[in-house]
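Here are my notes on the model you sent over, set out as numbered points. I hope they are handy when you go through the coordinates yourself.

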Amino acid sequence: MNISSIVVQTNPNYTEEVVEALKNADYCDYHFHDEKGRIIVTIEGSGVEEEIAKLVKIQEMAHIIAADMSFAYSEDELNEERDKLEIEGTAIPAWLNDENATKRDITYNGDLKDRF
């Protein structure tokens with residue numbers, strides 16, 4: 001399952017109209033908007049192709065100036081990377097699975113510029 005956030009830009013004069021169209025669309029979930037015509041929605045898909053198809057539908061809606069993916073999450077890719085770590089013998093730090101972990105739990109292991 002893939003989930004991506006989309007930042008939609010419309011002319012502020014059409015914000016309410018576009019928001020209603022997005023709320024009624026069966027291919028995205030509306031979250032919020034501002035007075036400048038920026039709207040945030042999310043899309044889900046079984047793969048990138050399905051997400052792109054949904055993004056294109058948003059881009060083709062009336063009064064849309066731009067609609068671009070901002071952040072993406074892919075459960076399959078996350079699991080593949082976790083599997084790679086385990087195969088290579090690198091243990092996944094326990095704090096990565098700790099819901100209470102903070103940035104202070106990250107261990108800094110040196111500067112890359114000294115390695116080249």
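**Notes on the predicted model**

1. Surface first: the protein has an accessible surface of about 8600 Å², and 51% of that belongs to carbon and sulfur atoms. Accessible areas here come from the Shrake-Rupley method with a 1.4 Å probe, and for residues only the protein chains shown count as cover.

2. A word on the ground rules. This is a predicted model, so local features need pLDDT of at least 70 and side-chain atom pairs count only at pLDDT 80 or more, while totals for chains, interfaces and linings use all residues. Residues are numbered from 1 along each chain as its sequence is written, and side-chain values use heavy atoms, with hydrogens and water left out.

3. The overall layout has 3 helices and 4 strands, and from the N terminus on the elements run β-α-β-β-α-β-α. Helices (H or I, at least four residues) and strands (E, at least two) are DSSP runs, numbered from the N terminus. Of the 116 residues, 25% count as buried; buried means under 20% relative accessible area, exposed over 50%, and partly exposed in between (1.4 Å probe, protein chains only). Among contacts with a separation of 6 or more, 60% come from residues 24 or more positions apart, where contact means heavy atoms within 4.5 Å.

4. Now the sheet. The 4 strands form an open sheet in the order β2-β3-β1-β4, with antiparallel pairing. Its edge strands are β2 (29-33) and β4, each of which pairs on one side only. Neighbouring strands are turned by 20° against each other on average, direction ignored. Two strands pair if DSSP finds at least two bridges between them; between β1 (residues 2-10) and β3 (residues 38-45), which run antiparallel, there are 8 bridges. Within this pairing, isoleucine 6 stands opposite valine 41 in β3.

5. Helix α2 packs on the sheet, where it touches β1, β3 and β4, and its direction makes about 150° with that of β3. For that angle, axes are lines fitted to C-alpha atoms (for helices over the stretch in contact), and angles run from 0 to 180 degrees between N-to-C directions.

6. Which element gives the most to the nonpolar patch? It is α2, with 3 residues. The patch on the surface is formed by Val48, Ile52, Val56 and Met69, which have about 280 Å² of accessible area together. Patches are made of residues with over 30% relative accessible area and no salt bridge; like charges are joined within 9 Å, and nonpolar side chains (Val, Leu, Ile, Met, Phe, Trp, Tyr) within 5 Å. Valine 56 lies in helix α2 and is partly exposed, at 33% relative accessibility.

7. How many salt bridges does the rule give? The count is 3, a salt bridge being a side-chain nitrogen of Lys or Arg within 4 Å of a carboxyl oxygen of Asp or Glu. One of them joins glutamate 20 and lysine 23 (3.9 Å, N to O). These two are 3 residues apart in helix α1 (residues 15-24), so about one helical turn separates them. Glutamate 20 is partly exposed at 39%, and lysine 23 is partly exposed at 45%.

8. Helix α2 holds another salt bridge, in which the closest N and O atoms of glutamate 50 and lysine 54 are 3.3 Å apart. Being 4 residues apart in α2, the partners are again separated by about one helical turn. Their surroundings are worth a look: glutamate 50 is partly exposed at 32% relative accessibility, whereas lysine 54 is buried at 16%. Aspartate 34 and arginine 38 also meet through their side chains, at 2.6 Å, N to O, and arginine 38 is partly exposed with a relative accessible area of 38%.

9. Finally, please look at histidine 63, in the loop between α2 (48-59) and β4 (64-74). Its phi is near 70°, a positive value in a residue other than glycine. For background, most residues other than glycine have a negative phi. Histidine 63 is partly exposed, at 31% relative accessible area. Leaving aside neighbours within four places in sequence, histidine 63 is in contact with Gln9, Thr10, Asn11, Tyr14, Glu17 and Val18. With tyrosine 14, the C-alpha to C-alpha distance is 6.7 Å, although the two are 49 residues apart in sequence.
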